[in-house]
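Open the model in your viewer and switch to a cartoon view. Keep the selection tool at hand.

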Amino acid sequence: MTDIRIGTEARDVDRSADAATADTAAAACGPARFAEVDAMVDTASTAAKAFRQLDQRQVDAIVEAMVRAGIRAAAELAQVAIEETGFGVFEDKVVKNYVATEFLYDYLRDKKSVGIIEEDVERSIVRIADPIGVVLAITPVTNPTSTVLYKAIVAAKTRNAILFRPSPVAVRSCERTVEILRRAGDAVGLPAGALQVIPDAAHEVTHYLFKHPRVDFIWVTGGRKIVALANAAGKPVLSVGPGNAPIYLHRTADIKAAVVDILISKTFDASVICPAEQTCIVDDAIYDATVAEFERMGAYLLTEEQSDALAKFAFGCGDTANLEALGRQAPDLAARAGFDVDPSVKILLAPLPAELDQLDKHPLVREKLMPVLGLVRARDVQHAIDVAVLVTEHGGLGHTSAIYANDQAVVDAYSLAVRTGRILVNAPTAVGALGGIYNNLTPTFSLGCGTWGGSSTTENVNYTQLLNIKTVSHRRSPPQWFRVPSNTFFNAGALENLRDVDCDSVVIITDALSEQRGVVDEFRGKLRARHIKIFSEVEPEPGEATVRRGVELLEAYQPDVLIAVGGGSVIDAAKAIRLFYEHPEKDLAELTLPFLDPRKRMADYPQDPHTVRLVAVPTTAGTGSEVSPAAVLTLHDRKETLVDYSLVPDMAIVDPLLTVSMPRTLTADTGIDALTHALEALASVFASPYTDAFCVQAARLIFDALPRACDDPGDLPARTDMSNAATLAGLAFSNAFVGTNHALAHAVGARFGIAHGRANGVFLPHTLRYNAGLPTKFMPAPGYSAYIATEKYTELGRIVFGGHEPGESRRRLFQGVQDLLDRVEMPRTLREIGIPEDEFLAALPELAMTAFQDLSNRTNPRMPLISEITTLLRLGYYGDGDHADR
């Protein structure tokens, strides 16, 4: 709303009494008056406390009574407003009073505002409404009764006491409105003091109230100066901004309908309502026809001299508008500006320059709370949009705009460009922005303008903005899953199942050593494929270049089946090769984007059916990659993990006969890797009864079979147990994931070229003790209701090693891990592996950060701090000696 000034000469209303009252109030504004104000605020505070005790039924009864009283008094209050302010249209003020009562009540009817107002059973969320307390309401001269009706009813609906501070030239309108509402409310239980008026004209009283400790909230409808003062008060404020609504008539607009709408809106209460149309931008193609229609329907096109005279009268004093120009009928306004028009004229059309630099300087480009409409001829759509943007920057940012068009693309372009909270399409702004008449906007007399206009919201303000809404969110454990490949074949001779694979063209992915050992030859006689191609370029810890070469081979060969034969590196590479072959548009960096929760991650993996089936045949017993959704690749000396169930092979063939030729070192490395999978998945925050069963069985088998497989490579029962254990552990960590031990192993392994299982073995004793201790920080995990890692270790220790007391069972488990590491001759420290101390210490800060950022940490039972990761890295290098905590 525009700031206004009182004219030098009173025409219809004698305001000399107002000025005298203001002078008297200013003189009387001292300690005694402030004490009286304090008493009124205290009464309101007491009323607010009493209001809190009322239930929804009681509140709704009060609201209904106030609304009925307001409706009955709609005409009386409109007359009071006309008599006191001297401007506006009686009939339209009656309509506004109905909107502020009848339309508002229709919206508020049956809406909850007390206690529990919403229950979202599916999301386990309950919302509870709480009142604010004491609201200080600033009300304007332009809507002196409708705004009071609206704010008082909304305050009652939300159980807030409200103190009205009306415009000094609309005090009687406010007092009469409050008197009517209070009498109706008192009869049905409105707390005493819940509705009050503080009528003083002195600005000091307003400033005092803005800072008052018992005023909880300031709700301002008024000019820019009062809004700025309220915003600077240091309290929660709900304010509005000025309106300077541009409207665009595109060449596809219905001219006759648009002109009628605009005349309805621009003449509504003599245009003293702030969302009223201010500048009409018309396409060149329909400009002349539009002006002719305006004139036919009762508008008057001003000459340049008349426009200048009007601008001087209305805005001759600079930033403020002349109060004597506001809310006048068009003929009266013209006469006051010094020229005559026919008494039948509805609005004055003021042609404005089309060039933006000239328009920017024109006095009539601003908000005109009078029946004056600016006219701009637009060259094209972009020019029209540019004009609309410029108009809003002259006091209309965030408020209201409109477009008349039957071209959705134009509507969209306009809506994207113009920064207003309300953009009305083919509807009048003055009445339309209030809501409930021409559209489904929320009924209001408080139009938020967002941060553009210095407000906190762009919404049509209503009851929800006067509530403190508490959200009661019940703990909710998200559903978990257990996903496995569709087919897993195991035990000696499982390779025979290849005979049942329907295939024509096959690519076998493996490593050079496996091909040299003749492992691939065993597949040729078992496959029904006519064409078999070998890709044996996979190296340990494969990188992106290897994956890209594999993709190129598949693009050239177009297989229907892909068979990965080898250890974890081979199977991981095959997963990535299939992924990027089927979806070359995907980017590795995007798919390895870090995440906190796999269910909410940003990475977008393809979920459409595969065009190539993947069969995973492990030749080692440890990685579990044949059943896992993960593929670990090495990128620039750093291990990155692709994780998604779309990566899981379609078939896993776990034949222990393929592992018999594994050397002792590889048997030990992969076996310890499998044990680490079982122990970390067991304590994971994503662990479940399903995964626990696999972890326990896998660990039990490994403790027994790994030493035997290392001692006697040809011990087929031991090899069978290890192969099954590795796959069982893989199934467990595929659904529960792993933890910090893997994060450490990934960082160190990639930096120093250490086999993954060996790196896992170095850190395993230390991370077990770490997770069994009291966490410095707990990992946020809704499904992990208590810190039970210690209990999990105890349970596993009792099953595998016995023990009567929890501490004893846990000690036996940890000692069993130590003994197994020694038994299979695993190095116990990084120093023992041969990493120079100076290189380790130089790399330590980077290693700690790399391990911290590793995805494996996300499911560790305790949240690892950087300092704790550093300590674990030191323990991994020095062991348990004196140097570990340096």
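This tour stops at a sheet, a pair of helices and an annotated stretch of chain. Keep in mind that the model is predicted.

**Stop 1: the sheet**

Select residues 115-120, 125-131 and 467-473. What order do the strands take in this sheet? The order is β2-β3-β17. The sheet is open, has three strands and pairs them antiparallel. Now look at the edges. β2 and β17 stand there, and each has a single partner strand, so one side of each lacks a neighbour in the sheet. From one strand to the next, the twist averages 25 degrees.

Zoom in on β3 and β17. These strands run antiparallel and are joined by seven bridges. For one bridge, click Ala129, then Ile469 in β17: they are bridge partners.

**Stop 2: two helices**

Select residues 381-392 for α15 and 408-417 for α16. Their axes come within 10 Å and cross at roughly 30 degrees. Angles under 35 degrees count as roughly parallel, so α15 is roughly parallel to α16. The crossing is right-handed.

Show side chains next. On α15, pick Val381, Ile385, Ala388 and Val389; on α16, pick Val410, Ala413, Tyr414 and Ala417. These residues make the contact. How many of the contact residues are nonpolar, polar or charged? Eight are nonpolar, none is polar and none is charged.

**Stop 3: an annotated domain**

Select residues 485-656. An unreviewed UniProt entry lists this stretch as "domain: Alcohol dehydrogenase iron-type/glycerol dehydrogenase GldA". Colour the stretch by secondary structure. Over these residues the chain is 24% helix and 24% strand. Finally, click the C-alpha atoms at the two ends: they are 19 Å apart.

Note on methods: Residues are numbered from 1 along each chain as its sequence is written. This is a predicted model: local features need pLDDT of at least 70, side-chain atom pairs count only at pLDDT 80 or more; totals for chains, interfaces and linings use all residues. Side-chain values use heavy atoms; hydrogens and water are left out. Two strands pair if DSSP finds at least two bridges between them. Helices (H or I, at least four residues) and strands (E, at least two) are DSSP runs, numbered from the N terminus. Axes are lines fitted to C-alpha atoms, for helices over the stretch in contact, and angles run from 0 to 180 degrees between N-to-C directions. UniProt positions are given in the numbering used here, feature names are shortened, and annotations may be inferred rather than shown by experiment. Angles under 35 degrees count as roughly parallel, over 145 as roughly antiparallel, 65 to 115 as roughly perpendicular and the rest as oblique. A crossing is left-handed if the near helix is turned anticlockwise from the far one by less than a right angle, and right-handed if clockwise. Contact means heavy atoms within 4.5 Å. Ala, Val, Leu, Ile, Met, Phe, Trp, Tyr, Cys and Pro count as nonpolar, Asp, Glu, Lys and Arg as charged, and the others, Gly among them, as polar.
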